[in-house]
Amino acid sequence: MPNDPRGQSEAIERMLDTRQEAEHAERRSGLVFRLRRPRRQMIISALIVVALAASGAAAVLSTHRDATATTAFSPSPSGATASAVPGATPAEIQAAQWVVTNAGPGRVVACDVTICDLLSQDGVRSVVLVAAVPDINGVEAAQVVVTTAASRKALGTALSTITSPEPLAAFGNGDGEVEVTTVALKGTDDYARLLMLDRGYRERVGSSLARNPRITLIDPGDADTLANGMVDSRLCSLLALISASHKITVSSFDAPAPGAGQDVPTATMIISAVDGVSATGDSAQARALLTLLASQQAPYRPAAAVAETGGLRIAFEQPEPLGLIPGAKP
């Protein structure tokens, strides 16, 4: 079955119409029900690479009867945090913790010496690091950059020309602010245009999902979150796929990260029930949901699905790939 992002984006639109069209789209797209073994990704470049723990090299799928503590699958340990290193500021520690939790496996992260040290302490699984100081080439080789006062001073105005104008997250303030930002090789202005365009199409899809009678939103404000285009397109496609043949209850969408740009969507939600049955535990519905999530191909496979008291928390790595929704590409 082809794994073509454009074909998958067309499937998203079809899934918002009728069940018959949704099922047809599912057969053609990369959103599939069959279990597939995830492909091993290799990155060959002149980078500083953090050694990977063998146990964390691949996501795992496990089911336990304790529905309040089950980790369904996750590429990094639950609750992983970056440890302090001498001289690291609270903002730098918080930024490193955010990257550990949200950047995702195989993401290339550019950082200065302090942030790289923080990320290499613990919790980092399948994250490749490059030194961003003092050469801008290190940033150009990355997908995400963590900018600090040190890196901004070393790289000057060149840094702002190849990064998104809207950070994924930001911590601290003033000269001590630390931003986690997407690398934009085609330039800041071009990326800003694509961000706005992508949000517009997320608004269209999100508005349709908010009116879908098969989707129950526990928080009334979440309908606005969808309609305002503030839900990641991969979450939107997942909601469309499941609701094509099942009724689902969404407990909540996570709030945006601290300091996130106005067009940066949330990439995490909690599904509490499928067809009126808890989405966690050992029910047939819960097992089917885990199987569905584990079977997805990139970029639709979640980075983590963790059972909590309130339901199954589903999270995608950030940043969101732009252009997954029909019409969102130039």
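These are my notebook entries on helix packing, cavities and a few backbone details in this structure.

**Entry 1: what I have open**
I am working with a predicted model, so I read everything below as a description of that model.

**Entry 2: H10 against H11**
I began with a pair of helices. Two packed helices are described by the angle between their axes and the distance between the axes. I looked up H10, which covers residues 233–243, and H11, which covers residues 284–295. They pack at an angle of about 135°, and their axes are 12 Å apart. Angles over 145 degrees would count as roughly antiparallel, and H10 and H11 are therefore oblique to each other. I noted the crossing of these two as right-handed.

Which residues of H10 and H11 meet? From H10 I found Leu-238, Leu-241 and Ile-242, and from H11 I found Leu-289, Leu-292 and Leu-293. I sorted the residues of this contact by type and got six nonpolar, no polar and no charged.

**Entry 3: H8 against H10**
H10 has a contact with H8 as well, so I turned to H8, residues 188–210. The axes of H8 and H10 come within 10 Å and cross at roughly 30°. This crossing is left-handed. On the H8 side I wrote down Arg-202, Val-205 and Leu-209. On the H10 side I wrote down Ser-233, Cys-236, Leu-239 and Ala-240. By type, this contact splits into five nonpolar residues, one polar and one charged.

**Entry 4: cavities**
How many cavities of 30 Å³ or more does the structure hold? I count two. The largest cavity has about 120 Å³ of space. Its lining is made of 14 residues, and those nearest the centre are Leu-168, Val-264, Pro-265, Pro-319 and Glu-320. The lining of this cavity divides into eight nonpolar, three polar and three charged residues.

**Entry 5: cis peptide bonds**
Pro-319 from the cavity lining came up again here. Gln-318 and Pro-319 are joined by a cis peptide bond, with omega about 5°. I placed Pro-319 in the segment after strand E12, which spans 311–315.

Another cis peptide bond links Ala-298 to Pro-299, and omega there is about 5°. Pro-299 sits in the loop between H11 and strand E11 (304–308), so I was back beside a helix from my second entry.

**Entry 6: a positive phi**
Where is Asp-275 found? I located it in the loop between strand E9 (268–274) and strand E10 (277–278). Its phi is near 55°, a positive value in a residue other than glycine.

Conventions. Residues are numbered from 1 along each chain as its sequence is written. This is a predicted model: local features need pLDDT of at least 70, side-chain atom pairs count only at pLDDT 80 or more; totals for chains, interfaces and linings use all residues. Side-chain values use heavy atoms; hydrogens and water are left out. Axes are lines fitted to C-alpha atoms, for helices over the stretch in contact, and angles run from 0 to 180 degrees between N-to-C directions. Helices (H or I, at least four residues) and strands (E, at least two) are DSSP runs, numbered from the N terminus. Angles under 35 degrees count as roughly parallel, over 145 as roughly antiparallel, 65 to 115 as roughly perpendicular and the rest as oblique. A crossing is left-handed if the near helix is turned anticlockwise from the far one by less than a right angle, and right-handed if clockwise. Contact means heavy atoms within 4.5 Å. Ala, Val, Leu, Ile, Met, Phe, Trp, Tyr, Cys and Pro count as nonpolar, Asp, Glu, Lys and Arg as charged, and the others, Gly among them, as polar. On a 1 Å grid over the protein atoms alone, a cavity is a set of points where a 1.4 Å probe fits but cannot get out, and a pocket is an open set with protein on both sides within 12 Å along at least five of seven lines; lining residues have an atom within 4 Å of a point. Grid points are joined across faces, edges and corners, and a volume is the space filled by probe spheres set on the points.
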